[in-house]
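Biologist: I would like a close look at a single part of this model, taken slowly and with its neighbours in view. Please choose one strand and describe its surroundings.

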Amino acid sequence: MKTLKIELAIAGAALFALGAFMATRPQEAEAVQTSGLTQFTQADYAAFNRNFEMDGATCKVGLERDRICFGGSPVEGILMPGMTLPADVPMVGAEFRVILFTELKSESLRTVRFGRSLALVEPQSRYVQDVLDLSAPTFEKARKTAVN
């Protein structure tokens, strides 16, 4: 009977500690985890390497650590926020390694890579929410403006 009382006391103390932790936990932590971003950030831009050597050639944009060099794409010339992707343009998601390096985006958007550009696209409507030109010299120049 004495061990049962000790076990109940330990369980009670553990429940009290859990309750105290839940009551004092910062609420902002939950908000950051549940709300996804709908635009690219400077951290997204900074996650990629520019002008590095790979196999004896200069790679304009890529992930040097993973030995990934991005080539160009004809879609980059027409890609703008606010547009709807044409039906003949395949909407293949960005490679897992690319997504891993970028900040968490809204679950309703898909990160798609077209050559040296990233786009946040709403999959059902094919609406382009945001575009980031990874080959631009600065983050400010990498952000394309919306079409009217």
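Modeller: A residue is called buried when its relative accessible area is under 20%. This is a predicted model, and by that cut-off strand β5, which spans residues 117-122, is mostly covered, with 5 of its 6 residues buried.

Strand β5 has a pairing partner in β4, residues 110-114, and the two are joined in the antiparallel sense over 5 bridges. Within this pairing, R113 stands opposite L118 of β5. The connection between β4 and β5 is a hairpin that leaves 2 residues between the strands, and in that turn G115 takes a positive phi of about 60 degrees.

Strand β5 also pairs with β6, residues 127-133, where 6 bridges join the two strands and the sense is again antiparallel. Here A119 has V131 in β6 as its bridge partner. β5 and β6 likewise form a hairpin, with 4 residues between them, and the residue with a positive phi in this turn is R126, at about 65 degrees.

A further hairpin can be set beside these: strand β1, residues 49-54, and strand β2, residues 57-63, pair in the antiparallel sense over 5 bridges, and F52 has C59 in β2 as its bridge partner. The β1 and β2 hairpin has 2 residues between its strands, and D55 in the turn has a positive phi of about 55 degrees.

To return to the strand in question, β5 is bridged to β4 and to β6, and 5 of the 6 residues in β5 are buried.

Conventions
Residues are numbered from 1 along each chain as its sequence is written. This is a predicted model: local features need pLDDT of at least 70, side-chain atom pairs count only at pLDDT 80 or more; totals for chains, interfaces and linings use all residues. Side-chain values use heavy atoms; hydrogens and water are left out. Buried means under 20% relative accessible area, exposed over 50%, partly exposed in between (1.4 Å probe, protein chains only). Two strands pair if DSSP finds at least two bridges between them.
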